[in-house]
Structures are given as C-alpha cells and as structure tokens.
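Here are a few exercises to work through with the model open beside you. Try each task before you read its solution.

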Amino acid sequence: MSKKKKVVVTTSQNKSDQTAAPKARYTQKTTRPSVPKEEMLFGRKNYIWMVSGIGLIVLGLILMIGGAMPDENTWDPDLIYSWRRITLAPVLILTGFVFQIVAIFKK
C-alpha cells in the first residue's frame, strides 16, 4: 500500500547560528571600463542664443516674402519697396546672424 513520508524539521539550538549574517546573494558588481564623460560642445545658454538667432533669421525671411500684385497688368512699387521688406527684414536677419556669432563665441 502507500507509505506515508515523514517530514523532519531540524532547527539549530545554537544561538551563534541564528545571529550570523545571512549569506550574500548574487551581488557581484560588474565593473565597466571607465569611459571619459563627453562634455557638450556648447552650454544651455549657447543653444538658447542659437535658437533665438535662427528664429530672428526665419522671421526676417518671412517678412521679406513678396506678395502678389493686386492686378497682374500693373506694378505697384509701394508693395515691393515697402519699409518692411527693405529695412526691417534685413535688420532682423543681420541681428539673427549676430546672435549666431555670439552663441558660438560666448563661453
């Protein structure tokens, strides 16, 4: 017939065994070869200057875009040679390039 299995539990009566430190689990540290930390070429402020310079250049180019004449047979010089296209847009573009130069050389 079937035999019953006996389970035997043993405990250590020695107090030194109970207070001993538990065995370490697999805590093997893998050491990676030290790779020198690469610094960014520019800092955060430099990138802010660059983005604002690009924004000024794009804004200047948008302001310089020519529009269509109201009538195809007539040419209106006031639309082409307006203050916005002749003065404001180039000044914004040059200011954007100055921002780019400052962003590159500023440390």
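Patches are built from residues with over 30% relative accessible area and no salt bridge, joining like charges within 9 Å and nonpolar side chains (Val, Leu, Ile, Met, Phe, Trp, Tyr) within 5 Å. A salt bridge, for that purpose, is a side-chain nitrogen of Lys or Arg within 4 Å of a carboxyl oxygen of Asp or Glu. Keep in mind that this is a predicted model: local features need pLDDT of at least 70, side-chain atom pairs count only at pLDDT 80 or more, and totals for chains, interfaces and linings use all residues. Numbering runs from 1 along each chain as its sequence is written, and side-chain values use heavy atoms, with hydrogens and water left out.

**Exercise 1. Find the nonpolar surface patch and describe its members.**

Step 1: Pick out Trp-75, Leu-79, Ile-80, Tyr-81 and Ile-86, which together form a nonpolar patch with about 520 Å² of accessible area (Shrake-Rupley method, 1.4 Å probe, with only the protein chains shown counting as cover for residues).

Step 2: Check Leu-79. This residue sits in helix α3, residues 77–80 (helices are DSSP runs of H or I, at least four residues; strands are E runs of at least two; numbering starts at the N terminus). Leu-79 counts as partly exposed because its relative accessibility is 36% (buried is under 20%, exposed over 50%, partly exposed in between; 1.4 Å probe, protein chains only).

Step 3: Now Trp-75 and Tyr-81: both are exposed.

**Exercise 2. Classify the aromatic pairs.**

Step 1: Count them: the structure has three. Rings of Phe, Tyr and Trp (its six-membered ring) pair if their centres lie within 6.5 Å; planes under 30 degrees apart are stacked, over 60 edge-to-face, the rest tilted.

Step 2: Take Phe-42 and Tyr-47. Their ring centres are 5.9 Å apart and the planes stand at 90°, so this pair is edge-to-face. Tyr-47 is partly exposed, at 35% relative accessibility.

Step 3: Trp-75 and Tyr-81 also make an edge-to-face pair, with 6.0 Å centre to centre and 80° between the planes.

**Exercise 3. Work out the surroundings of Asn-46.**

Step 1: Locate Asn-46 in helix α2, residues 44–64.

Step 2: With a relative accessible area of 9%, Asn-46 is buried.

Step 3: List its contacts (heavy atoms within 4.5 Å). Leaving out residues up to four places away in sequence, Asn-46 touches Ala-103 and Lys-106.

Step 4: Look at Lys-106 again: its backbone oxygen is reached by the Asn-46 side chain at 2.8 Å.

Methods:
Polar contact = N/O pair within 3.5 Å; in protein donor to acceptor, adjacent residues only side chain to side chain.
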